[in-house]
Each structure stands twice: as C-alpha cells, then as structure tokens.
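Thanks for making the time this morning. I would like to walk you through one model, beginning with a single loop and working outwards from there, so please have the structure open as I talk.

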Amino acid sequence: QKSNNELKSESEILKKDNATLSQQNQEAVVYFQGFPDPLSAFYACELLPSHGTGTGLTSRSAEHLYHYRRMIAHDKAHIADRVRQANAAAKAKSISERAVPTRSSAQEWLDRAKDEMAEINLIKAQQCPVFRNTLIQTGAARLIHNMESDERWGFGRQGNGLNWMGLALEKVREQITSPLNVSAAPFTPRENAASPNATNPPLHG
C-alpha cells in the first residue's frame with residue numbers, strides 16, 4: 001500500500017505530465033495547402049449556399065463560392081457566373097482576380113473578406129463531412145495556410161503573412177466544436193442543388 005507522500009508525488013507528476021501535453025497540444029501547428037487537402041479552399045466539394053448569395057446555385061469549392069461572392073459585391077454579376085461555372089478552383093480565382101474593381105468596392109470587400117471566408121467554410125463544414133472531420137481532428141493546433149506567395153491569406157515569404165485562411169478555419173473549428181452552437185450542425189443540401197505582427201499587403205479586392 002502506497003503512503004500518502006507517494007500518492008501525492010504521483011499526483012504531482014501526473015499534473016505536470018498533463019500540463020506538458022496540454023502545452024504541446026496548444027503549440028501544435030498544422031500546415032495545409034492545395035486542392036488535395038480538405039482544409040484548402042481549393043478542395044472539390046459541391047456547396048449549396050444556405051444564405052448570402054440569394055441564388056440557390058451550387059459552387060464546386062469554397063474558393064468558387066468566395067470569388068462568386070466577391071464578384072457580386074463588386075457588381076460584376078456576369079463575371080460571377082463565369083466564376084461559378086469554372087471547371088477548377090484555380091480557374092475561378094484567376095477569372096475573379098483579373099476583374100478590376102473600383103478602389104472603394106475593393107476596400108469594402110477587404111473589410112469583410114475574412115468573415116466571408118469563415119462563413120463559407122462554416123457552410124462547407126455543414127455540407128462536406130471530410131472537411132468537417134479533418135478540421136475537428138486538428139484539435140487545438142494553430143492552422144497555417146502554407147502559401148509563401150500569399151501575404152494576405154497565407155504564411156508569406158518571410159513567414160509573417162496575415163494567414164487569413166488559417167484564422168478563418170480556426171474560427172469555424174471553434175464554432176463547430178462548441179456544444180452551445182446548434183447552428184453548426186451538419187447540413188444536407190437539397191438534391192440537385194458548391195500573424196498579429198504582420199504588415200498589410202498591397203490593396204486589392
């Protein structure tokens with residue numbers, strides 16, 4: 001039979017081990033990039049917007065839906081339709097980024113872009129089980145969009161990018177794992193219905 005001192009010692013060791021594991025989990029980092037990765041906006045997953053576009057039309061990926069909304073916000077509905085119908089996420093992005101918005105509409109979009117992407121990824125979590133499960137499995141890890149060429153949405157060339165995509169996913173992960181958030185429950189679409197210290201990159205919508 002163990003003495004009280006021995007039990008107390010084991011208890012202290014267990015607390016330290018748990019604290020260490022907790023710290024390691026908090027410091028964990030998950031990098032993601034490109035269309036094969038479910039965490040990427042390029043991942044192919046048909047989404048039926050539950051709200052926000054007023055169309056009821058499907059998009060082929062989160063990237064498609066983001067750039068569709070971007071073009072609608074810039075009052076370019078004819079380009080938005082081309083974006084939605086693009087056969088790949090990279091093509092949808094290219095069509096959208098070739099459009100030149102006014103400076104005022106570009107700034108208005110940038111002010112809400114991260115929230116738009118978070119909302120789109122919440123829709124994705126409700127409709128795409130592979131994405132939802134992959135996101136939940138990241139636990140408390142920091143999520144990094146491993147794109148050196150993207151100073152706003154990614155890691156950036158010097159590792160000081162804004163990482164908006166990673167932050168958006170972390171926000172969605174918090175929402176879908178919260179026991180109080182009933183709105184984050186999985187959703188089945190209708191049949192036949194798609195770093196704090198970083199500096200701001202140049203303005204474009």
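Let me start at asparagine 163, which sits in the loop between E4 and H7. Please keep in mind throughout that what we are looking at is a predicted model. Asparagine 163 has a positive phi of about 55°, although it is not a glycine. As a general background to that remark, most residues other than glycine have a negative phi. Is asparagine 163 buried or exposed? With a relative accessible area of 3%, asparagine 163 is buried.

There is another residue to set beside it, namely aspartate 75, which is found in the loop between H2 and H3. Aspartate 75 is likewise not a glycine, and its phi is positive, at about 60°. Here, however, the relative accessibility is 69%, so aspartate 75 counts as exposed, whereas asparagine 163, as I said, is buried.

Stepping back to the chain as a whole, we have seven helices and four strands, and in sequence order they run α-β-β-β-α-α-α-α-α-β-α. The protein chain has 205 residues, and 41% of them are buried.

Now to the helices on either side of aspartate 75. How do H2 and H3 pack? Helix H2, residues 62–73, and helix H3, residues 77–85, pack at an angle of about 175°, with their axes 8 Å apart, and the two are therefore roughly antiparallel to each other. On the H2 side the contact is made by His64, His67, Tyr68, Met71 and Ile72, and these meet Ala77, Ile79, Ala80, Asp81, Val83 and Arg84 in H3. Sorted by class, that contact of H2 with H3 has seven nonpolar, two polar and two charged residues.

Staying with H3 for a moment, its buried residues are Ile79, Ala80, Val83 and Arg84. Around the helix axis they cover an arc of only 140°, which puts them on the same side of H3. Their packing partners are strand E3 (59–61), H2 and helix H4 (89–98).

The other helix I would like to show you is H6, which covers residues 129–136, and whose buried residues are Phe131, Arg132 and Leu135. Looking down the axis of H6, these buried residues fall within an arc of 100°, so they line one face of the helix. What do the buried residues of H6 pack against? They pack against helix H5 (103–127), strand E4 (142–145) and helix H7 (164–177), and you will recall that E4 and H7 are the elements joined by the loop that holds asparagine 163.

The pairing of H5 with H6 has an angle of about 110°, and the axes lie 6 Å apart; the two helices are therefore roughly perpendicular to each other. In this contact Asn121, Lys124, Ala125 and Gln127 of H5 meet Pro129, Phe131 and Arg132 of H6. By class, the contact of H5 with H6 has three nonpolar, two polar and two charged residues.

Finally, a word on cysteines, since someone may well ask. How many disulfides does a search of the whole structure find? The search finds zero. Cysteine 45 is buried, with a relative accessible area of 11%, and cysteine 128 is also buried, with a relative accessible area of 5%.

That is where I will stop, and I am happy to go back to any of these views.

Methods. Residues are numbered from 1 along each chain as its sequence is written. This is a predicted model: local features need pLDDT of at least 70, side-chain atom pairs count only at pLDDT 80 or more; totals for chains, interfaces and linings use all residues. Side-chain values use heavy atoms; hydrogens and water are left out. Buried means under 20% relative accessible area, exposed over 50%, partly exposed in between (1.4 Å probe, protein chains only). The arc is that of the directions from the helix axis to the C-beta atoms. Contact means heavy atoms within 4.5 Å. A disulfide is a pair of cysteine sulfur atoms within 2.5 Å. Axes are lines fitted to C-alpha atoms, for helices over the stretch in contact, and angles run from 0 to 180 degrees between N-to-C directions. Angles under 35 degrees count as roughly parallel, over 145 as roughly antiparallel, 65 to 115 as roughly perpendicular and the rest as oblique. Ala, Val, Leu, Ile, Met, Phe, Trp, Tyr, Cys and Pro count as nonpolar, Asp, Glu, Lys and Arg as charged, and the others, Gly among them, as polar.
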